[in-house]
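Biologist: I am new to this model and would like a close look at one part of it, a single helix and what lies around it. Could you take me through that part carefully, and tell me how far the model can be relied on along the way?

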Amino acid sequence: MKDYKEVVKSWLEGNFDAETKAEIKKLQETDPVGLEDAFYRNLEFGTGGLRGIMGVGTNRMNKYTVGMATQGLANYIKAHVDGAASVCIAHDSRNNSRLFAEISADVLSNNGIHVYLFDALRPTPELSYSIRLKGATAGIMVTASHNPKEYNGYKVFWCDGGQITAPVDKDIVAEVAKIEDPADVRFAPVAGTVPGGIETMGAEVDECYLKDQLSLMLSPESVARHADLKIVYTPLHGCGVKLMPEALARIGFKNVIHVPEQDVSDGNFPTVVSPNPEEPAAMKMASSSPPTRTPTAWASPSATTKARWSSSPATRPGASSPTTSSPAGRNSASWTASSTASRPSSPASCSPPSASTSA
């Protein structure tokens, strides 16, 4: 394995953006220990995907390490999946989650794989649902669950909507490990190739998801009898607020209490030390704040809050300006609005490659 100083030198001399190089030089001058930790190894892509602190370096979550992981996934799909392939992508409210989701979409499209990308933050279960709804090959969820705000992550799902399992998981890990240089990543379209295209998913998938959720109710009569049951709900600044209040209202619960400050999707999680509901401190406001009834009509967080970025918004590789949630100005070849989705009567038919075909 290379000495970390050699890796640092390769990033300073390589085809990396100016902001990344400036941050590396800053670490050299002010935090040599942090510099070593950022470069002494590659951020491990395990069976659950990536997870790590955001920042520059091979041992951090950043646009280059995310791009390398996505290229490895694309290579696996192209080698082992027959016919047209597609991938659904969603993200949470964490800093840079939208950036990482869009970079993943670009890399996959530039590898000829069609992408279904949600128009804004969505919860993980809806990502799983969308894979089955669209009959997609795989899915990516950009999230670090309940880790502190400094972290982000990247989880890979397969065509059944579940996280990758054997033998697919180990084979994807092996493909990702082969990508040792960001130069191997298709951040931009390649001449002579046909992009897979990026299709936006939005409210039409939400509607299908909610309707199918409600169809699973075992006892509507019980809900009717206990419609005034007191329920306290907080998304802890995450993406659950996108659908949960609406789901509870449609089910029939009328006494839902929430914490307005925590309904704001914010990757800095300003009202908690860590957005982990298993920690009593995270639920302090929910258990002690004055009751506030759920409004009759909920505004979409994407319409009322701006995308949250780190203190220095990064520019995507190959782009000339900071990325936004809008398709306009992207370096992807095509964006289309998702057509009205039909509810899936059954999971997408798929089967992971057998051990013999994936060796």
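Modeller: What follows starts with the chain as a whole and then goes to one helix, a strand beside it and a few points in the loops.

This is a predicted model, in which local features need pLDDT of at least 70 and side-chain atom pairs count only at pLDDT 80 or more, while totals for chains, interfaces and linings use all residues. Residues are numbered from 1 along each chain as its sequence is written, and side-chain values use heavy atoms, with hydrogens and water left out. The pLDDT, which is the predictor's confidence in each residue on a scale from 0 to 100, has a mean of 84 over the chain, and 80% of the residues reach 70 or more. Two stretches fall below 50: residues 295-315, which have 41 contacts in the model beyond near neighbours in sequence, and residues 354-359, which have 7; a contact here means heavy atoms within 4.5 Å.

The chain holds 12 helices and 9 strands, taken as DSSP runs numbered from the N terminus (helices are H or I with at least four residues, strands E with at least two). Of its 359 residues, 49% count as buried, where buried means under 20% relative accessible area, exposed over 50% and partly exposed in between, with a 1.4 Å probe and protein chains only. Among contacts with a separation of 6 or more, 76% are between residues 24 or more positions apart.

The part to look at closely is helix α6, residues 124-134, which is largely enclosed by the rest of the structure because 8 of its 11 residues are buried. These are Glu126, Leu127, Ser128, Tyr129, Ser130, Ile131, Leu133 and Lys134. What surrounds them is a set of strands, β2 (86-91), β3 (114-118), β4 (138-142), β5 and β6 (198-201), together with helix α8 (203-214), against which the buried residues of α6 pack. Just after α6, Gly135 takes a positive phi of about 65 degrees.

From α6 one can turn to β5, one of the strands that its buried residues pack against, and to Asn152, which is found in that strand. Asn152 counts as buried because its relative accessibility is 0%. Leaving aside neighbours within four places in sequence, Asn152 is in contact with twelve residues if one follows the full list: Arg51, Gly52, Met54, Met61, Arg94, Asn95, Asn96, Ser97, Phe100, Val142, Thr143 and Ala144. Arg60 lies 92 residues from Asn152 in sequence, with 9.3 Å between their C-alpha atoms.

The loop between β5 (151-158) and α7 (168-178) is the place of Pro167, and the peptide bond that joins Ala166 to Pro167 is cis, with omega about 0 degrees.

Two further loop residues deserve a look at their backbone. Leu236, in the loop between β7 (231-233) and α10 (244-251), has a phi near 50 degrees, a positive value in a residue other than glycine, and it counts as buried at 5% relative accessibility. Phe269, in the loop between β8 (256-258) and α11 (284-288), has a phi near 45 degrees, again positive in a residue other than glycine, and Phe269 likewise counts as buried at 5% relative accessibility.
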